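Here's a quick tour of a two-chain model, going from one residue's surroundings out to how the copies meet. Keep the viewer open while you read.

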There are 2 protein chains.
Amino acid sequence: MKKAAILFAATVLVVSGGFVRAQALDDSRPATSNVMNEEYPRVFPDRRVTFRVKAPDALKVQVLPAPRVWNGLGDGPYDMVKGADGFWTVTIPPAEPGLHNYFIVVDGFQSNDPGSQTFPGYSLSCSAVEIPDPNADFYDTKAVPHGDVRIRWYFSKTTETWRRVYVYLPPDYEKNTGTRYPVFYLQHGSGEDETSWILQGRANFILDNLIAGGKAKPMIIVMENGMIARKPGPRTPEQRSNEAFEDVVVKDLVPMIDAAFRTIPDREHRAIAGLSMGSGQALQIGLTHLDMFSHIGGLSGVPRETDPKTAYGGAFSDPEAFNKKVRLLWIGGGVREERFYQGSKKIQETLTKAGIKIVFYECPFAHEWQTWRYCLHELAPKLFRN
Amino acid sequence: MKKAAILFAATVLVVSGGFVRAQALDDSRPATSNVMNEEYPRVFPDRRVTFRVKAPDALKVQVLPAPRVWNGLGDGPYDMVKGADGFWTVTIPPAEPGLHNYFIVVDGFQSNDPGSQTFPGYSLSCSAVEIPDPNADFYDTKAVPHGDVRIRWYFSKTTETWRRVYVYLPPDYEKNTGTRYPVFYLQHGSGEDETSWILQGRANFILDNLIAGGKAKPMIIVMENGMIARKPGPRTPEQRSNEAFEDVVVKDLVPMIDAAFRTIPDREHRAIAGLSMGSGQALQIGLTHLDMFSHIGGLSGVPRETDPKTAYGGAFSDPEAFNKKVRLLWIGGGVREERFYQGSKKIQETLTKAGIKIVFYECPFAHEWQTWRYCLHELAPKLFRN
């Protein structure tokens with residue numbers, strides 16, 4: 001409360017672009033995740049964040065970080081303090097680096113911060129604040145060649161709908177017309193969509209930088225929407241969704257991608273990975289279709305099947321054969337992810353004990369995009385190396 | 001109030017996908033602009049719309065259509081009525097067809113409807129509801145060949161930043177590797193961005209359908225962000241912004257596009273148009289660079305210069321020469337746009353009187369995307385015909 005009051009006293013009103021705006025007389029800066037010209041939220045060099053919204057007639061206004069626990073903004077909710085001008089303000093303690101979802105809650109109405117861009121999350125269009133990472137520039141937009149991201153529509157026989165897919169093409173895909181490329185299928189988490197790895201994950205910039213530095217092979221990345229409309233039946237909604245998505249990938253998506261782009265259309269040059277819910281989907285689809293995929297990654301997933309003898313249709317039952325056939329089984333996550341981190345560790349320990357070769361990676365973050373940016377930066381260089 | 005109460009009584013709670021949701025026992029349907037699985041807003045066959053949000057502790061909740069007057073939802077604001085479960089509901093009279101922006105205002109806090117996707121508008125990420133048009137299927141996603149939309153990053157020397165551009169490539173651009181295409185530069189309005197013509201305007205589907213029907217030439221469409229950071233100086237912020245954007249288009253964007261894609265890089269095969277603020281930009285850039293552009297379109301713009309002898313650097317001062325040089329000068333708008341419609345009419349009347357050949361089009365809608373969808377559907381077939 002005291003911080004908020006001090007900050008509010010240190011603001012002045014300025015007229016800019018026809019709008020009256022509050023500008024802080026301190027060393028904070030508007031978050032890069034704000035919509036154009038919006039001053040709040042603002043981020044301090046020590047990663048404190050000031051939020052500010054207008055709600056002149058409200059009784060109670062809060063900043064509610066998401067997920068509810070173990071996120072980079074701290075648990076919250078944070079009570080905002082009302083000023084005489086009808087604006088509510090709060091400055092929260094230093095946040096973790098990365099992109100953090102949050103809601104503004106006004107008298108029980110949970111919605112967005114008008115100052116923030118929106119990103120797919122929690123099956124909503126969700127506010128988020130980007131906190132700079134002093135230890136990482138690997139996802140910055142740098143002066144290197146940039147790959148395009150294509151938005152492509154295709155008809156799925158599985159869902160009987162037109163579906164939208166995002167496809168990253170490496171720099172110079174257009175120029176190197178004689179070159180064919182390996183393909184990496186990369187999935188988002190629950191409540192997100194095919195735009196997430198670009199909008200939140202900055203996957204294109206991560207690959208641009210890795211490729212420019214000679215650290216990753218040029219590759220195509222395909223991002224689809226794993227939140228598939230649920231079909232009726234006796235199984236749980238999640239099971240039905242995952243089964244439908246498996247069919248979309250195997251029967252519709254992979255053939256379409258191989259027809260539409262200059263891919264190397266064999267298992268040696270096809271990888272699949274995903275995060276959280278997408279980890280479950282990637283492991284399920286990859287491990288039960290080893291004729292299609294040779295590189296498989298699970299980020300921040302909690303395994304549903306854990307017995308190496310029977311899990312994933314018995315894929316691990318002959319470890320020697322598995323290790324020979326699968327070029328890479330990669331598991332990663334963040335140490336602040338709680339049960340998701342425990343899930344990743346459990347996969348590693350169980351499979352290692354069973355004699356399965358596995359590459360394990362952990363970073364210091366929560367169940368949020370900073371963990372998955374770090375994971376992609378670690379995983380991509382290991383793909384298609386042999 | 002009565003309608004809202006009746007509707008609320010006609011709902012039941014159902015458990016679906018792990019969530020308890022209210023489902024209306026009537027012939028309304030969730031809007032196609034909703035986020036996944038969200039039931040509200042719902043649209044009736046007669047185009048009434050029911051809005052519903054949770055705000056258990058609020059004193060006053062309203063639906064606020066945008067723009068404030070002359071929009072397809074009616075002027076509003078519409079007071080919502082609180083139910084015993086903390087949900088607020090209102091059913092509004094039949095809306096116009098098209099995509100309509102709106103806000104939810106809770107105790108003076110103006111933000112989004114969590115049930116809606118967000119779209120760039122009013123320099124915010126804004127809610128909107130899509131109302132079906134009984135007289136138009138030209139922007140539907142049909143079973144025709146679809147062009148990709150590319151998200152491309154390039155460095156602008158004018159702004160000294162990496163900029164993002166959306167580029168529509170016609171179907172079979174990839175297959176017809178010996179074919180070069182004309183280019184149409186197409187700009188959004190104030191407070192929107194480079195994604196708007198795709199996300200709100202459905203420009204890609206409009207062109208897919210026109211091209212499939214043989215009604216428009218296959219062409220590349222380039223969409224940039226005309227809301228350029230303002231630079232210091234003695235002019236108005238709007239003037240500074242427009243001048244910077246002119247430099248971006250002429251010096252950075254056109255050369256980049258001609259280098260990156262198989263364009264026909266001459267004035268005969270280059271068009272420029274825009275809507276509202278973008279109309280002003282397109283007329284300014286097109287008419288003062290007739291060495292670069294041969295087809296020029298203004299949608300829903302209010303002209304700043306009206307004297308045919310001096311406007312746009314004297315472009316109209318020799319009507320005969322102008323009519324010979326310019327392949328198409330196209331002006332369009334909606335009759336419910338108020339001052340923007342008057343602006344379009346004024347351009348038409350002034351220039352026609354001065355002997356300038358002009359194609360004028362009007363549709364029955366407001367200063368919203370339905371007008372601009374109709375305009376694009378009319379304008380695109382007239383491009384690159386001779």
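## Inside the core

Let's start with Ile221(B). Skipping its neighbours within four places in sequence, Ile221(B) is in contact with Tyr168(B), Phe184(B), Leu186(B), Ala203(B) and Leu207(B). Bear in mind that this is a predicted model.

Ile221(B) also turns up in a bigger picture: the largest nonpolar core has 198 residues, and Ile220(A), Ile221(A), Val222(A), Ile220(B), Ile221(B) and Val222(B) are the ones that touch the most other members. As background, nonpolar side chains in soluble globular proteins tend to be buried together.

Stepping back to chain A as a whole, 50% of its 386 residues are buried. Its secondary structure comes to 9 helices and 21 strands. If you take contacts in chain A between residues at least 6 apart in sequence, 69% of them join residues at least 24 apart.

One helix is worth a click. Helix 5 of chain A, residues 277-287, is mostly covered, with 11 of its 11 residues buried. Among them are Met277(A), Leu283(A), Ile285(A) and Leu287(A), along with Ser279(A), Gln281(A) and Gln284(A).

## Two domains in one chain

The domain assignment splits chain A into domain 1 (2-131) and domain 2 (149-382). Their contact takes 14 residues from domain 1 of chain A and 16 residues from domain 2 of chain A. On the domain 1 side, strand 10 and strand 12 (118-121) of chain A each supply at least two residues.

## Where the chains meet

How many residues of chain A are in contact with chain B? The count is 40 residues of chain A against 40 residues of chain B. The elements of chain A giving two or more residues to this side are strand 5 (49-54), strand 10 (98-106), strand 11 (109-111), strand 13 (124-131) and strand 14 (149-156). Strand 14 of chain A gives the most, with 5 residues.

Here is the make-up of the two contact sides in chain A:

| Side | Nonpolar | Polar | Charged |
|---|---|---|---|
| Chain A, touching chain B | 18 residues | 14 residues | 8 residues |
| Domain 1 of chain A, touching domain 2 of chain A | 7 residues | 6 residues | 1 residue |

Strand 14 also pairs across the chains: 3 bridges join strand 14 of chain A to strand 14 (residues 149-156) of chain B, and the two run antiparallel. Within this pairing, Arg150(A) stands opposite Arg150(B).

What about symmetry? Chain A superposes on chain B after a rotation of 180 degrees with 0.0 Å of shift along the axis, at an RMSD of 0.0 Å. That is the relation of a two-fold axis. In chain A, the C-alpha nearest the axis belongs to Arg150(A), 2.2 Å away from it. The interface fits in with this: 100% of the interface residues of chain A are interface residues in chain B too, so the copies meet through the same surface.

## A sheet in chain B

Finally, look at the open sheet of 5 strands in chain B, which has the order 3-4-5-9-8 with antiparallel pairing. Which strands sit at its edges? They are strand 3 (29-30) and strand 8 (81-82) of chain B, each pairing on one side only. Strand 8 of chain B pairs with strand 9 (residues 87-92) of chain B in the antiparallel sense, over 2 bridges. There, Lys82(B) has Trp88(B), in strand 9 of chain B, as its bridge partner.

Technical notes
Residues are numbered from 1 along each chain as its sequence is written. Chains are lettered from A and ligands numbered from 1 in the order in which they are written. This is a predicted model: local features need pLDDT of at least 70, side-chain atom pairs count only at pLDDT 80 or more; totals for chains, interfaces and linings use all residues. A residue is buried if 20 or more other C-beta atoms lie within 10 Å of its own, exposed if 12 or fewer, and partly exposed in between; C-beta atoms are placed from the backbone. Helices (H or I, at least four residues) and strands (E, at least two) are DSSP runs, numbered from the N terminus. Two residues are in contact if their C-beta atoms, placed from the backbone, lie within 7 Å. Ala, Val, Leu, Ile, Met, Phe, Trp, Tyr, Cys and Pro count as nonpolar, Asp, Glu, Lys and Arg as charged, and the others, Gly among them, as polar. Two strands pair if DSSP finds at least two bridges between them. Copies are superposed by least squares on the C-alpha atoms of residues with pLDDT of at least 70 in both. Domain bounds come from an automatic or database domain assignment. A nonpolar core is a set of buried Ala, Val, Leu, Ile, Met, Phe, Trp, Tyr and Cys residues joined through C-beta atoms within 7 Å.
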